[in-house]
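Biologist: I am new to this structure and would be grateful for a close look at a single part of it. Please take the surroundings of the ligand as the starting point and work outwards from there.

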Amino acid sequence: MTEHTTPRPPDTADRPGLDVELSGVRKAFGTREAAITAADDVSLRIEPGSTVALVGPSGSGKSTLLHLVGAIEQADAGTITVGGTDITTANRRALAAYRRSLGFVFQRFHLLPALTVRDNVLAPLLPDRKALKEALPRVHDLLTAVGLDGRADALPAQLSGGQQQRVAIARALIGRPGLLLADEPTGNLDSATGERIVAELVDPAHRRGATLLIATHDPALAARCSRILRVRDGRIVEDTRPDAH
Ligand code: ADP
Ligand code: MG
């Protein structure tokens, strides 16, 4: 076993916040003349336990950055280190464990249509029987926190877009990840519901020391973050730290 080089598998203990470091990261889509540079020489350090908002116009490269840090896309150049592990050189097995250790809220939710709400939330823990058993009592609390108590046995197709988004948020939090990556997590929620989700889920994740990286168009959500990165044409063009509140 080479477990010492592999991030810890999902468990129910609180994971310490992970630091994230990008150095000279590039990612292009398409070829030659038609190529679009979605990440253009991005270098960045995110301290463990910080809450970082990625803001910027549609197409500026926010999702690409999240996908690169989440090891969903592979960088063309540069290095990305998360919690001391270089995910640009890690092997497939290590990357699979790394992805499972993260919380990821996808812009398009990606719920499994044949699974109930409860099983979608638990899905990230399926490979780990012990973690699954320990997490079972938390599913109800998480679903209550996202306003979906009583819908545990529903299928995704029976839910509205906003409700599916809230299932995706609960799923991202079930493993108490040390790094939560969220792609416009309140994009399909009315502002009151978005506020509530942030207050009940994101703030507690921050309080227990998790690192949060959130792409958002929602000024209220960005305002709750300790740092705001403005992205344009694949570059970080502004890096601000609003006063502590
Ligand atoms: P944002 O999330 O800020 O809207 P994205 O990261 O999705 O921006 O996209 C950045 C740029 O990369 C856009 O021009 C987009 O069209 C392009 N892009 C993103 N993903 C792909 C892909 N899989 N194939 C081709 N182009 C892509
Ligand atoms: Mg996007």
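Which element gives the largest share of the shell around ligand 1?

Modeller: The model is a predicted one, and the description that follows should be read in that light. The element in question is α1, which supplies three residues, the largest share of the shell around ligand 1. The elements that contribute two or more residues to this shell are α1, spanning 62-69, and β2, spanning 36-46.

The whole shell may now be listed. Ligand 1 is surrounded by Phe-29, Ile-36, Ala-38, Pro-57, Ser-58, Gly-59, Ser-60, Gly-61, Lys-62, Ser-63 and Thr-64. Sorted by class, these residues comprise six polar, four nonpolar and one charged.

Several polar atoms of the protein approach oxygen atoms of the ligand. In the side chain of Thr-64, a polar atom lies 2.6 Å from an oxygen atom of ligand 1. For Lys-62, an N or O atom of the side chain is 2.8 Å from a ligand oxygen atom. With Ser-60 the backbone is involved: one of its N or O atoms lies 3.2 Å from an oxygen atom of ligand 1. As to cover, ligand 1 taken alone exposes 560 Å², and the protein buries 62% of that.

The helix α1 itself deserves attention. Eight of its eight residues are buried, so α1 is largely enclosed by the rest of the structure. These buried residues are Lys-62, Ser-63, Thr-64, Leu-65, Leu-66, His-67, Leu-68 and Val-69. Just after α1 comes Ala-71, which adopts a positive phi of about 60°.

A residue of another element touches this helix. Lys-27 belongs to strand β1, residues 20-29, and its contacts include Thr-64 and Leu-68. Among the other residues that Lys-27 touches are Ile-36 and Ala-38, both of which also belong to the shell around ligand 1. Lys-27 counts as buried because its relative accessible area is 10%, below the 20% limit for that class. The side chain of Lys-27 reaches the backbone oxygen of Gln-74 at 2.8 Å, and Glu-73, Ala-75 and Asp-76 are also among the residues that Lys-27 touches.

Beyond these surroundings lie the nonpolar cores. In soluble globular proteins, nonpolar side chains tend to be buried together. Here the largest nonpolar core has 37 residues, and those with the most contacts inside it are Leu-143, Ile-174 and Leu-201. Two or more residues of this core come from each of α3 (117-122), α4 (129-145), α5 (161-173), β7 (179-183), α6 (191-207) and β8 (211-215). Leu-201 shows how such residues meet: leaving aside neighbours within four places in sequence, Leu-201 is in contact with Leu-142, Ala-145, Val-146, Ile-169 and Leu-173. Another core, of 27 residues, lies apart from the largest one and includes Val-20, Ala-39, Leu-54 and Leu-68. Leu-68 leads back to the starting point, as one of the buried residues of α1.

Two loops complete the account. His-110 is placed in the loop between β6 (103-105) and α3, and has a positive phi of about 55° although it is not a glycine. Arg-176 occupies the loop between α5 and β7; this residue, likewise not a glycine, has a positive phi of about 45°. Arg-176 is partly exposed, with a relative accessible area of 28%.

Definitions and conventions:
Residues are numbered from 1 along each chain as its sequence is written. Chains are lettered from A and ligands numbered from 1 in the order in which they are written. This is a predicted model: local features need pLDDT of at least 70, side-chain atom pairs count only at pLDDT 80 or more; totals for chains, interfaces and linings use all residues. Side-chain values use heavy atoms; hydrogens and water are left out. A residue is near a molecule or strand if one of its heavy atoms lies within 4 Å of it. A polar contact is a pair of N or O atoms within 3.5 Å; within protein, one must be able to donate a hydrogen and the other to accept it, and residues adjacent in sequence count only if both atoms are side-chain atoms. Accessible areas come from the Shrake-Rupley method with a 1.4 Å probe; for residues, only the protein chains shown count as cover. Helices (H or I, at least four residues) and strands (E, at least two) are DSSP runs, numbered from the N terminus. Ala, Val, Leu, Ile, Met, Phe, Trp, Tyr, Cys and Pro count as nonpolar, Asp, Glu, Lys and Arg as charged, and the others, Gly among them, as polar. A nonpolar core is a set of buried Ala, Val, Leu, Ile, Met, Phe, Trp, Tyr and Cys residues joined through side-chain atoms within 4.5 Å. Buried means under 20% relative accessible area, exposed over 50%, partly exposed in between (1.4 Å probe, protein chains only). Contact means heavy atoms within 4.5 Å.
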